[in-house]
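Good morning, everyone. Please have a look at the structure on the screen while I talk.

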Amino acid sequence: MVRDDRGAVLSRAEKAVIGEIWTSKRAYENLVYLCDQIGNRWAGSESEHRAAQFLQTKAVEYGLQDVAIQTFPLTGWRRGPTRLEVVAPVARDVAAIALPYTPAARLEGEAIWVGQGEAEDFERLAGQIAGKIVLSAAESTPGPGQHSSHRREKFARAVAAGAVAFLFVNQNPGALAITGALAAGFTAEIPGLGLPKESGDFIVRLLDAGPVRLRLQMSAEHFPTTSANVLGRIGPSDANEFVMTGAHYDAHDIAVGALDNAAGAVVVLEAARALATVADVLPISIRMALFGCEEIGLLGAWYHAGQARSELERCRFVLNVDSPIGSVPGSENLRLCGFPDLVPFFEDLAQQMCYDLPVQNRLNAYSDHFPYAIAGVPNGMLSSSNAGTGLIGRGWGHTPADTVDKVSPKSLQTAATAVARLMLRLALADNWPGQHRSRQEMAAEVAASPIGWYVEQFGRYPFQPAEGS
Ligand SMILES: [Zn+2]
């Protein structure tokens, strides 16, 4: 096909896709259904299974091909009663919740505040942590260009330093306990709890005056279960190449996860619905993957990337959509993972789309693009920042306040349009510059990154299931 023809085809298809999304309320209706009717979609739960079936039904209804549920096994986790008490210098119950994959526990110990829980904090307190209950800020607030450690990194430092338990304190006010998995689908080394900011601040004030003794009692169950990815295709089945977009549809058990990530799942589904209306112009296929179990270690994406291993070399690009809704509609950004050379290409694409889409390259091991990144597939994540809200880090994410009211229909339409246009342009690109990287090259890049120490110490990535688990 000569370039001019393809330009005309793209222009017509793109306008059709944009019109389709902006005259539909399906994305918002699907979001409300997932959150209000189905609920939290916690890894391996009945709610998550129902969500997969709902998404499968919608994918078929929207005209996707080869729609399938890809089931995989995991060890599930269910919270039991949890109690955290200050026993000295005062006696007081403190609000806290168990963090997923914590072991059951009953213990008492002295608290120690490690601030943001970065490497330098643990170095500063070396020799003082063993046998204690570590209290750490949930989100770091790093300076420009500085590394901000994920919960898994802070937890690993606490374990390595000999802590007996880990308390993870929300940085945003509102009596909201923050959650986040301690391990990728296996029982964590030591117990962990999530605290509201107010609980954490109380303990830190007590620590300013002297030693603080804490007691915790918690139970938890681990059991075999299954989860699933929902897959589908648009465009030719016999093309040599494909592009893929995906999003996780699971959320934490304490929230309905409207922002993180029912929004991402319905945005990808809506983009797929619109793209299916122009399927006949696609020279290569667009695949969709809606992942289960992202919140407990990207289990769905690891499984899918493993199963698709032999096909991945034919994949041009994986676009992961995680938490795409920001403070105002249209505040999405694109973060490539391991592909700095593609930044100018996507900047150019955004300009051609007349759409303001900041693009950068930064290694991020904590969402569903990562298993594809380390397989060397060009990839990126579309998400939004909380800039302007005054909230730190994840904001409402990973708290019970991640609810439907935080998401507007218009913000879903904006994000779905951005995803659909990017996928359409990637599928129709006759000058796609993306080159796969070798697994060795990617592993070397991770080894040289701020999470290199983790991989060296544990022999796996922070959010990766243990061998055989
Ligand atoms: Zn997410």
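I will go through some helix packing and then some strand pairing.

One caution before I start: this is a predicted model.

Helices first. Two packed helices are described by the angle between their axes and the distance between the axes. Find helix α7, residues 258-276, and helix α11, residues 409-428. They pack at an angle of about 55 degrees. Their axes are 8 Å apart. How do α7 and α11 lie to each other, oblique or roughly perpendicular? An angle from 65 to 115 degrees would count as roughly perpendicular, and one under 35 as roughly parallel. About 55 degrees fits neither, so α7 and α11 are oblique to each other. As for handedness, α7 passes α11 in a right-handed crossing.

Now the residues that meet there. On the α7 side we have Ala263, Val266, Val267, Glu270, Ala271 and Leu275. On the α11 side they meet Leu412, Ala415, Ala416, Val419, Ala420, Met423 and Leu424. Which classes do the residues of this contact of α7 with α11 fall into? Twelve are nonpolar, none is polar and one is charged.

Stay with α11, but switch partner. Helix α9, residues 343-352, also packs against α11. Here the angle is about 115 degrees, and the axes are 11 Å apart. The range for roughly perpendicular runs from 65 to 115 degrees. That is why α9 and α11 are called roughly perpendicular to each other. This crossing of α9 and α11 is right-handed. From α9, the residues are Phe345, Phe346, Leu349 and Gln352. They meet Leu422, Arg425 and Leu426 in α11. By class, this contact of α9 with α11 has five nonpolar residues, one polar and one charged.

Next, the strands. Our hub for this part of the talk is β8, residues 213-234. How many bridges join strand β1, residues 65-88, to β8? The count is 19, and the two strands run antiparallel. For one pair to find on the screen, take Leu74, whose bridge partner in β8 is Thr225.

Strand β4, residues 105-113, pairs with β8 as well. That pairing is antiparallel, over six bridges. Look for Arg106, which stands opposite Gln217 in β8.

Then comes strand β10, residues 285-291. Five bridges join β10 to β8, and again the sense is antiparallel. Here Leu231 has Ala289 in β10 as its bridge partner.

To recap: α11 packs with α7 and with α9. Strand β8 pairs with β1, β4 and β10. Thank you.

Terms used:
Residues numbered from 1 in each chain as written. Predicted model: local features only at pLDDT ≥ 70, side-chain atom pairs only at ≥ 80, totals over all residues. Heavy atoms only, no water. Axes fitted to C-alpha atoms, helices over the stretch in contact; angles between N-to-C directions. Helix = DSSP H or I, 4+ residues; strand = E, 2+ residues; numbered from the N terminus. Parallel < 35°, antiparallel > 145°, perpendicular 65-115°, else oblique. Left-handed = near helix turned anticlockwise from the far one by under 90°. Contact = heavy atoms within 4.5 Å. Nonpolar A, V, L, I, M, F, W, Y, C, P; charged D, E, K, R; others polar. Pairing = 2+ DSSP bridges.
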